[in-house]
Amino acid sequence: MLLGTTITPSDPPAGHSSPPGPDEQGKEDRQGVWMVVKVRGATTGDPRQMVKLWLVRVMQVSSQWRAVHQTSLQGSPNESGFMVNKRAMYEPGAVMVCSQKRACCVVSMGFAAIIAVALIVAFTKPGCPEATYIGEPVPGFSSRPTHSPPTTPPTATNGEEFPWRDVRLPFHVRPLHYNITLHPNLTTRLVEGHVTIKLTAIEETTAIIIHGHELNITNYSLNKKYGKPIEILKFLVYPPHQQLYLGLNEILRRGSNYTLKLGFRTSLKEGLEGFYLSSYISAKGERRYLATTHFEPTSARAAFPCFDEPHMKAQFFLSLVREPQHIALFNMPVQETLSLNDTGLVVDNFEESKTMSTYLVAFVVCDYKSVSNMTRHNIRLSVYAPPTMIGQAGYALQVASHIFDFYQDFFGVKYPLPKQDLIAIPDFGAGAMENWGLITYRETALMFDGNHTSSRAQQGVAVVIAHELAHQWFGNLVTMSWWSDLWLNEGFASFMENIGTKAAQPGWAMEEQFLVEKMQPALALDALLASHPISTPVRDPAQIESIFDTISYKKGASIISMLESFIGHKMLAEGLQLYLKENEFGNAATDDLWAALTKVTKKHNNELDIKGIMDTWTLQAGFPLVSVTLQDGRVSASQARFVVCEENVTDPNEPLNTTIGYRWHVPLTYITSEQPHEQAMYWMNLTDVEFEVGKDVKWVKFNVGQRGFFRVSYDAVGWAGLISLLRNNHTALSSADRANLVDDIFTLVKAGTINGSLALELSLYLKNETRYIPWHTALEHLFQWVQLLFNYPAHTQMLQYIHTLILPHYKRIGWNDTGTHLERLLRSKILSAAVYCGDTHAIQEAKRMFHEWRVNGTFIPPNLRAVVYSTGVRYGTEEDWRHCWKVYNSSTFPSEKKLMLMAMAKTQNPWLMQQFLEYTLDSNKIRHQDVLTVLQEVSKNPSGRLPAWRMVRQHWAQISQLFGQGSFTIGSIIKAVTSTFTSAFDLGEVESFFKDVSVGSGERALAQALETIRLNIQWHEHNLDDVSHWLDQHMTQAETQVEVDPQ
């Protein structure tokens, strides 16, 4: 198959309606070479295919020659004497004959030709020279398919063979400009649309392949210069690849522009992708509808026919028909609004967009209100929300304005659009979406009210705003060439979100919070064999969705943080500015970033091989465990890939260098007892190292501030020295280093590298710990152990032990919602832990506050609400649960509604639990976007784990249909309901259920969930006896019965 041109004996070349006849034989001598010319000019396929096609053409010409020759031999009343004599030579009467000698000669020549062709086919190397492109080649990938075509031909909806087999579009043409007209009817849900696409031919072709998903194409046409039409011979639809094929009757010439027009109908979707319907309840109790979009990564094709790949950037002009009571929003401002005669409708014509990818296009039709201001750089910034929530938009506007101006200065590249809108969407699958100039958010990620929203939720609003605004440069201005480099978008936005939030809220210690929000979760996932490299090959929508995960986001952010640690903040910022300037309005690959940073480092006389270093972190999965020993002042450090699960499972990935195996360039930083405030660094360049630190050194802490993306394992002497330091003088180390030690030691226990009792010995220091970051890390690990011990006697002892650690802090912190931002975050953690551990005073106080709130409407401070609501439901009655359900349905505060969902999941009533789970199947009760939250929270409840798993199995078909197999939510649901399992029986059940079930984009998440269950089983094998013995020894009867003094 030729790229873009399929030629069969029944398909004549452009310009011919049929093969040349006898009267054209003279022309045939000139035109008979058309096939060879076409192969040379337009194909880049296998030469064996070229030979095959050439043979087909030879057979055609030969057939035509025989027809001509036979007619001549048979003669006619008017034929010449030459023809009469010729016939007499070869046939008696009307029969053709020849001599034996001539026959042998002809047969021999035929066999010789066949053998020659066979040799050509056998020894010709597949692959042809690359076609010459107009302009620069697209960076980051080859233009040719990188996988074998399917063995069975794809079949279009009409039963014909679909000529294009690759899930990726060919690069024969690329779009320059879209003119889109849409009329969504919010009552009937029907959408009428028309799109005119100006495109240019990159290679000669007689076909156009474009994306379209669940669109009813009503008409189509193609014109060339001056409006001259090109006949479309064939129109085919192939739903599995979401592609449309238009076969043409003439060749599109390289470098020429064409205009493709398509009319279509579709409907507003029920799900959370594409062009879909959402709704909210007005102040009068009426349901109001809005139409909104979410296109990332591959859903623009569900709203209008398009070239839906990120490198195929174009400009967009939108006309949107609406009813007068609505407003319409687009990436760009409204240019004009016109009335449509007597229809009662109006049309908004928007300004033409900048050059951008299809997944960044967005439009909304709604009846929202807005608040606005002008940034310091004269950009109009607006926040849109339902009228009932517009009073909660002020904080988002304030924070967004501050961060927006900060980014303008930091990136050194002017924001190219005239406005930036932020809009709250009631039904929204992701946290937010960075559509250029029109960012869409979940309501919880944008709305804030000081009297109702906790500090944690407030921080969430600021962080999500910072993340999406960073995308306006990283992702929108410069876009990854293909989804394999998704991390260039998401990793950088995740890195920048902490920097942007710090600019707006400098007192929140965002540098330290980076560890618990980004670094530690990324390390946890990347220690699984079922992880994947940051840059990883993906092709179809399901594969693309599967990498919207912790690796792309949080590991991506973490390695950029590590890079910053060894080249410096200023040099990183300068390199990012250069990267943006060199690639603005275009596409880039990971190597383009490394090239920009290398230029900057060389400029500053720093000869680091940025690409060589960072390739070891982006092109292979996992990270190293650095094992260190200290003897007589000399450090020995070795590296090996760290994998937590010992089970012999085939590694789905492979190292960057298969010869040396998994190795990294590791910036090994350290401080010592002799120089605790002076950081030193030693490079482990794919090797193990030894170096001197001084014979008087008593302890060495490696990976200072946990800036490096690796773990450290000390020998027995090393751990003993650090544990002693923590117990006697824990402030000698920073809170980040303390959190790092807790994180490393508990994870090493999980992997079976060290005994669980050693981690418990270290945790004793927590009685003196007063900072949020170490406590956040410790409680995550300690309560994970509680979960693992649930079916064993040590479960109660573990809770009692945690209670002894938090007790002094519970007394100190109390129930007054005061203090700094981090103190409020810590209070929420400690109070929740106290209740979970069964602290009598904490439970009674929470129940008292819940009762007074429910009965008298007594105000509960925002940062106490989570623990109060959860405790009230857990220890309450059915009426208490019903009251929370009522508040959930009536509240206009998104953060409050989310707290209600989380609280109701804590019920111990099995009937209420089942009813709550069933509600997730009814979008009138629980929105689709909140199904995952409910399943996650119910699965955390020991009484809800099995009901949640049973519900997902029972209704899998409905859940799969609801979220689609191309949605990242599917993978999150699988993890939510299975990752808490701890037995071989549970593992068998999960494997058995999913054995014959298609999970689409959840395939990798399923593998990770199964590995997590195996890891939980492994933990029991390694640690159950050791941990149980330690708890027996260290827990006295007096400690287990301590209650907090009410005073």
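Begin inside the protein, where about 80 Å³ of space lies in the largest cavity of this predicted model. Select Val167, His211, Arg301, Trp482 and Arg539, which of the 13 lining residues are the closest to the centre of that cavity. If you then colour the lining by class, you will find 5 nonpolar, 3 polar and 5 charged residues. The structure holds 4 cavities of 30 Å³ or more.

Next, select residues 369-374, which make up strand 16, together with residues 432-433, which make up strand 19. These two belong to an open sheet of 5 strands, ordered 16-17-18-20-19, in which the pairing is mixed. Strands 16 and 19 stand at the edges and have a single partner strand each, so one side of each is left without a neighbour in the sheet. Adding residues 380-385 brings in strand 17, which runs antiparallel to strand 16 and is joined to it by 6 bridges; within this pair, Asn373 stands opposite Leu381.

From there, move to strand 24, residues 634-641, which pairs with strand 27 in the antiparallel sense over 4 bridges. Ala637 is a useful residue to label, as the one that stands opposite Val689 of strand 27. Now show the side chains of strand 27, residues 689-692: Val689 and Phe691 point to one face and are buried, whereas Glu690 and Glu692 point to the other face and are not buried. In a regular strand, side chains alternate between the two faces of the sheet.

The next stop is helix 20, residues 821-836, whose end C-alpha atoms lie 23 Å apart, in agreement with the 22 Å that its 16 residues should span at 1.5 Å a residue. Its buried residues include His821, Leu822, Leu825, Leu826, Arg827 and Ile830, and further along the helix Leu831, Ala833, Ala834 and Val835 are buried as well. To see what covers the buried residues of helix 20, display, among others, helix 7 (455-471), helix 9 (510-526), helix 18 (772-788) and helix 19 (794-813), along with helix 21 (840-856) and helix 22 (865-874). After helix 20 comes Gly838, whose phi is positive, near 85 degrees.

Finish at Tyr888, which is placed in helix 23, residues 878-890. With a relative accessible area of 4%, Tyr888 is buried, because buried means under 20%. Apart from its neighbours within four places in sequence, Tyr888 is in contact with Lys897, Met900, Leu901, Met904, Lys925, Ile926, Arg927 and Asp930. Of these contacts, pick Met900 for a distance check: Tyr888 and Met900 are 12 residues apart in sequence and 5.8 Å apart in space, C-alpha to C-alpha.

Terms used
Residues numbered from 1 in each chain as written. Predicted model: local features only at pLDDT ≥ 70, side-chain atom pairs only at ≥ 80, totals over all residues. Heavy atoms only, no water. 1 Å grid on protein atoms, 1.4 Å probe; cavity = no way out; pocket = protein on both sides within 12 Å on 5 of 7 lines; lining within 4 Å. Points joined across faces, edges and corners; volume = space filled by probe spheres on them. Nonpolar A, V, L, I, M, F, W, Y, C, P; charged D, E, K, R; others polar. Buried < 20%, exposed > 50% of the residue type's maximum accessible area, 1.4 Å probe, protein only. Pairing = 2+ DSSP bridges. Expected span 1.5 Å × (residues − 1). Contact = heavy atoms within 4.5 Å.
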